[in-house]
Amino acid sequence: MRVPALRGYENYMQNHTSTDQLPGDAGHSPDLPLIKAALDASVSGIIITDNQLPDNPIIYCNESFERMTGYKRIEIIGHNCRFLQADDRQQPERLKIRRAVQEGEHVSVEIRNYKKNGDLFWNELFISPVQAADGRVTHFIGVQHDVTRRKQAEEDLYREKELREQKIKERTLQLNASKEYLDSIIQTVRESLVVLGPDLKVIGVNRHFLNTFKVTASETEDKSLYDLGNGQWNIPKLKELLENILPSNNPVLDFEVEHIFPHIGKKLMLLNAYRVELEGEYRDRILLAIEDITDRRAIEQRKDDFLSVASHELKTPLTTIKGYMQILERLLPKDADEKLLEVVGKSTKHIERLNTLIKELLDVSRIQTGNITLHRERFDFDEMVRETADTIQNVSPKHRLVISGSTGIDYEGDESQLSQVVSNLLSNAIKYSPDSANIEVNLARVSDYVKFSVTDFGVGISPDDQRKIFERFYRASDTQKNYPGMGIGLYICEQIVSHHGGNLWVDSEHGKGSTFNFTLPIKQKTNE
Amino acid sequence: MSKKILICDDDEGILEMLEMALYAEEHEISTEINSLKLIGRIRDERPDLLILDLWMPVLSGDQITRTLKEMPEYKNLPILVISASRDGEDIARKAGANDYLAKPFDIDELLKKVESLN
């Protein structure tokens with residue numbers, strides 16, 4: 001930018017004290033007032049400094065500059081531009097300005113300036129030197145814009161970006177941490193885990209899988225499950241699970257698979273399979289958890305066998321004792337001493353108790369290990385109840401068992417086990433209603449269920465106890481003293497009924513009596 | 001009616017007790033503790049009824065029952081199996097026993113069964 005050489009500052013100060021004049025305005029050009037008006041109309045702040053005077057003072061400013069800085073003209077003229085920087089003197093832009101001024105070059109910088117009231121504003125400053133004919137730089141023209149807003153927006157944008165990057169960094173860290181955390185869980189679990197892709201290729205397995213099935217990760221990952229280890233995982237039942245059952249029954253739990261593996265032998269496995277249904281990267285992946293229950297099953301079997309043998313051995317001398325007791329009863333003369341009769345009677349009763357305990361022990365053991373097997377056959381349900389009630393009635397002459405209603409059903413189930421349930425419920429009813437003679441039994445067909453209920457008018461059961469009486473070894477709080485026993489009868493009943501797909505429950509009021517009910521579905525589910 | 005009853009059980013106590021209980025009813029009782037000797041005893045004594053335990057060492061009650069039921073001369077010999085085994089009844093019936101009684105049993109019930117088996 002070339003501007004005609006201006007006159008010296010001193011001259012200017014002498015000749016022009018009003019704001020109407022531009023430096024060099026000596027009335028030479030008729031255009032000058034117009035130029036001045038144009039400069040004042042500009043939104044840019046414009047100043048001119050005189051480089052020939054000491055410290056390069058401002059010799060002109062337009063109105064926009066006054067507006068921009070808040071300083072009046074009188075406070076501006078004669079100052080070096082740096083007064084706008086207030087105390088903020090360490091800005092690197094200053095060096096750029098200084099060099100440009102020294103070298104007489106163009107420069108443009110963005111620099112923090114301060115208004116008269118102290119407010120910061122960002123000044124986009126263009127500095128152009130004005131050269132005389134001989135090449136000396138006589139003046140500088142500064143054009144400035146208040147770019148605070150833009151700067152602010154830029155700053156905000158930058159901040160935002162920084163913040164976002166920071167967040168992404170944190171998120172990535174978090175993601176890695178949680179991935180590592182999940183991975184450590186999967187690796188620590190004492191159960192084999194396999195992740196399969198939708199094509200049944202192995203995406204990953206955990207350490208327990210590798211150890212249990214004696215394989216390495218490289219032999220396993222990215223291979224089709226069925227091809228693993230020369231096809232040793234090509235198990236028909238597993239195929240059935242993954243291809244036929246899982247697609248329509250997600251998740252599948254406790255699916256039992258038995259298989260003989262070439263190197264590790266026969267394994268009994270309990271599988272949980274879960275197909276990921278969530279949209280996204282993991283969709284249709286299959287998680288397969290494999291619990292090796294080979295040893296557990298063997299131990300359960302041994303325990304069962306032991307208890308079978310033990311109860312058999314215990315029952316043998318019990319048979320003898322019971323026989324002798326009965327012979328003794330026969331041998332006693334009719335006019336025998338009452339004490340003696342009592343002793344014999346009590347002994348007989350306790351032998352019966354011992355027998356029941358031994359039977360219950362075996363039952364509970366079997367039920368616990370899930371080895372309760374039902375021998376299903378059709379039988380007359382009402383007849384079974386009548387027969388069982390008769391047996392109980394015979395040994396409990398003090399109570400009166402009254403049966404009402406009928407189911408009229410030939411039920412398909414395990415007669416001896418259901419008879420055990422009825423017998424148990426009836427003898428409980430008698431046991432817990434010592435002062436009330438009547439026991440009411442009702443039989444009914446309700447929808448597609450047979451229903452059995454027995455009502456006594458005895459001690460009843462508190463709401464608290466009602467929730468727990470079907471638990472193993474639970475005995476209602478106030479019964480322990482008066483009614484000895486192990487408290488497994490109802491547990492067994494509940495297990496037998498639920499194995500038949502039925503439901504056993506109690507309605508009772510403390511002090512008024514109880515009604516025990518069970519229902520059994522007439523139509524058995526085919527998969528039972 | 002008085003019967004000739006042969007009882008086979010590997011437990012001495014059971015044998016003694018049964019002998020005493022049935023003897024009182026005027027049955028003629030003999031006992032055998034070793035199941036291996038049982039068939040010989042049957043041949044010699046020609047009992048009217050056999051009371052047989054299930055779990056016995058070497059030769060079990062169901063094996064004996066099967067053997068006897070296959071022998072024309074003994075297939076009509078009534079066999080009452082007595083056992084403390086939970087699955088005893090199933091095993092006994094499958095082997096061909098005529099009746100079954102779970103240990104421990106009621107003497108009256110035993111007598112009833114003894115009476116009815118011909």
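How many bridges join strand E9 (residues 265–275) of chain A to E10(A), and do the two run parallel or antiparallel? In this predicted model, the count comes to seven bridges, and the two strands run antiparallel. One facing pair along E10(A) puts A:Tyr274 opposite A:Leu287.

Strand E10 (residues 286–292) of chain A also pairs with strand E6 (residues 192–196) of chain A. Here five bridges do the joining, and the strands again run antiparallel. In this pairing A:Ser192 sits across from A:Ile290 in E10(A).

Stepping back to chain A as a whole, the chain holds 16 helices and 17 strands. Out of its 528 residues, 24% are buried. Looking at contacts in chain A with a separation of 6 or more, 54% link residues that are 24 or more positions apart.

Chain B brings a sheet of its own. Five strands line up in the order E2-E1-E3-E4-E5 (chain B), making an open sheet with parallel pairing. Strand E2 (28–32) and strand E5 (99–102) of chain B sit at the edges with a single partner strand each, so one side of each has no neighbour in the sheet. On average, and ignoring direction, neighbouring strands of this sheet are turned by 20° against each other.

At the E5 edge, the partner is strand E4 (residues 79–83) of chain B, and four bridges hold this parallel pair together. B:Val81 is found opposite B:Tyr100 in E5(B).

Helices pack on this sheet too. Helix H2 (residues 38–45) of chain B touches strand E1 (4–8) and E2 of chain B, and its direction makes about 170° with that of E1(B). Helix H5 (residues 107–116) of chain B lies across four strands, namely E1, strand E3 (49–53), E4 and E5 of chain B. The direction of H5(B) is at about 170° to E5(B).

Finally, there is the contact between the two chains. Chain B puts in 15 residues, and chain A puts in 15 residues. On the chain B side, the largest share comes from helix H1 (residues 12–23) of chain B, which supplies six residues. Sorted by class, the side of chain B that touches chain A has 10 nonpolar residues, along with two polar and three charged ones.

How values were computed: Residues are numbered from 1 along each chain as its sequence is written. Chains are lettered from A and ligands numbered from 1 in the order in which they are written. This is a predicted model: local features need pLDDT of at least 70, side-chain atom pairs count only at pLDDT 80 or more; totals for chains, interfaces and linings use all residues. A residue is buried if 20 or more other C-beta atoms lie within 10 Å of its own, exposed if 12 or fewer, and partly exposed in between; C-beta atoms are placed from the backbone. Two residues are in contact if their C-beta atoms, placed from the backbone, lie within 7 Å. Two strands pair if DSSP finds at least two bridges between them. Axes are lines fitted to C-alpha atoms, for helices over the stretch in contact, and angles run from 0 to 180 degrees between N-to-C directions. Ala, Val, Leu, Ile, Met, Phe, Trp, Tyr, Cys and Pro count as nonpolar, Asp, Glu, Lys and Arg as charged, and the others, Gly among them, as polar.
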